[in-house]
Amino acid sequence: KLSNLYSAIRAKAPNARVVVLGYPRFYQLGQLCLGLSETKRAAINGAADHLNAAIARVVANHGFVFGDVRPAFSGHEICSGNSWLHSVDWLNIGNSYHPTAAGQSGGYLPVLTNAA
């Protein structure tokens, strides 16, 4: 589906510089953290890495730029004590695992700015 989407974007905007931002690792490992086990947190981080690799391949195949946000978010994962990501938010489930304002400005924006 990504390939179809990126082909449609390229067809509509053949000269556009398209930047696709990836996913951060969600959890800092090796820290005391309530909720999920270390094994499950590592699996979630591994899934983010897997998604990033798959997305980056499709992005490159379409001549787009992949922005890896993992380095920017390093030290700001859930369980870090300075998270730029919302954990599970039962009051507003849509916030869960999405970046905070600090994550948008300190994580995503610099990567987008540098890649654009």
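Let's start with helix H4, which has 15 residues and reaches 20 Å from its first C-alpha to its last, close to the 21 Å expected at 1.5 Å a residue. Keep in mind as you look at it that this is a predicted model. H4 is not straight throughout: at Leu 109 the helix bends by about 35 degrees, and a proline, Pro 110, follows within four residues. Several residues of H4 are buried, namely Gly 103, Gly 107, Tyr 108, Val 111 and Ala 115.

Tyr 108 is a good place to step from H4 to its surroundings. Its relative accessible area is 15%, which is under the 20% limit, so Tyr 108 counts as buried. What does its ring meet? Two numbers help here, because a pair of aromatic rings is described by the distance of the centres and the angle of the planes. The structure has 5 aromatic pairs. One pair brings Phe 26 together with Tyr 97: the ring centres are 5.7 Å apart and the planes stand at 85 degrees, so this pair is edge-to-face. Phe 26 sits in the loop between strand S1 (19-21) and helix H2 (38-61), while Tyr 97 sits in the loop between helix H3 (70-73) and helix H4 (101-115), and the two residues are 71 residues apart, so the contact links distant parts of the chain. The two partners differ in exposure: Phe 26 is buried, with a relative accessible area of 12%, whereas Tyr 97 is partly exposed at 26%.

Returning to Tyr 108, its ring forms an edge-to-face pair with Phe 73, at 5.3 Å centre to centre and 70 degrees between the planes. Phe 73 belongs to helix H3 and Tyr 108 to helix H4, so this pair ties together parts that are 35 residues apart in sequence. Phe 73 is buried too, with a relative accessible area of 0%.

Phe 26 and Tyr 97 also have company, since together with Tyr 27 they form one aromatic cluster. Tyr 97 deserves a second look for its backbone. Most residues other than glycine have a negative phi. Phi of Tyr 97, however, is near 65 degrees, a positive value. Cys 79 also has a positive phi, near 85 degrees, and is likewise a residue other than glycine. You will find Cys 79 in the loop between H3 and H4, and Tyr 97 is placed in the loop between H3 and H4 as well. Cys 79 is buried, with a relative accessible area of 16%.

Now to the charged side chains. How many salt bridges does a search of the whole structure find? The search finds 4. One of them joins the side chains of Arg 25 and Asp 49, at 3.0 Å from N to O. This pair links distant parts of the chain, with Arg 25 in the loop between S1 and H2, Asp 49 in helix H2, and their positions 24 residues apart in sequence. Arg 25 is partly exposed, at 34% relative accessible area, and Asp 49 is partly exposed as well, at 25%.

Helix H2 also holds a salt bridge between Arg 41 and Glu 38, whose side chains meet at 2.5 Å, N to O. Arg 41 and Glu 38 are 3 residues apart in helix H2, so about one helical turn separates them. Is each partner buried or partly exposed? Arg 41 counts as buried at 3% relative accessibility, while Glu 38 counts as partly exposed at 33%.

A further salt bridge connects Arg 70 with Asp 68, the closest N and O atoms being 2.9 Å apart. Arg 70 counts as buried, with 18% relative accessibility, and Asp 68 counts as partly exposed, with 30%. Salt bridges that share partners join Arg 70 and Asp 68 with Arg 25 and Asp 49 into one network.

Finally, turn to the surface at helix H1. Leu 2, Leu 5 and Ile 9 form a nonpolar patch there on the surface, with about 210 Å² of accessible area together. Leu 5 is found in helix H1, which covers residues 2-12. With a relative accessible area of 44%, Leu 5 is partly exposed.

Definitions and conventions:
Residues numbered from 1 in each chain as written. Predicted model: local features only at pLDDT ≥ 70, side-chain atom pairs only at ≥ 80, totals over all residues. Heavy atoms only, no water. Phe/Tyr/Trp six-rings, centres within 6.5 Å; stacked < 30°, edge-to-face > 60°. Buried < 20%, exposed > 50% of the residue type's maximum accessible area, 1.4 Å probe, protein only. Patch = residues over 30% accessible without salt bridge, like charges linked within 9 Å, V, L, I, M, F, W, Y side chains within 5 Å. Areas by Shrake-Rupley, 256 points an atom, 1.4 Å probe, with all protein chains shown as cover. Expected span 1.5 Å × (residues − 1). Bend = angle between axes of the 7 residues up to and from the residue.
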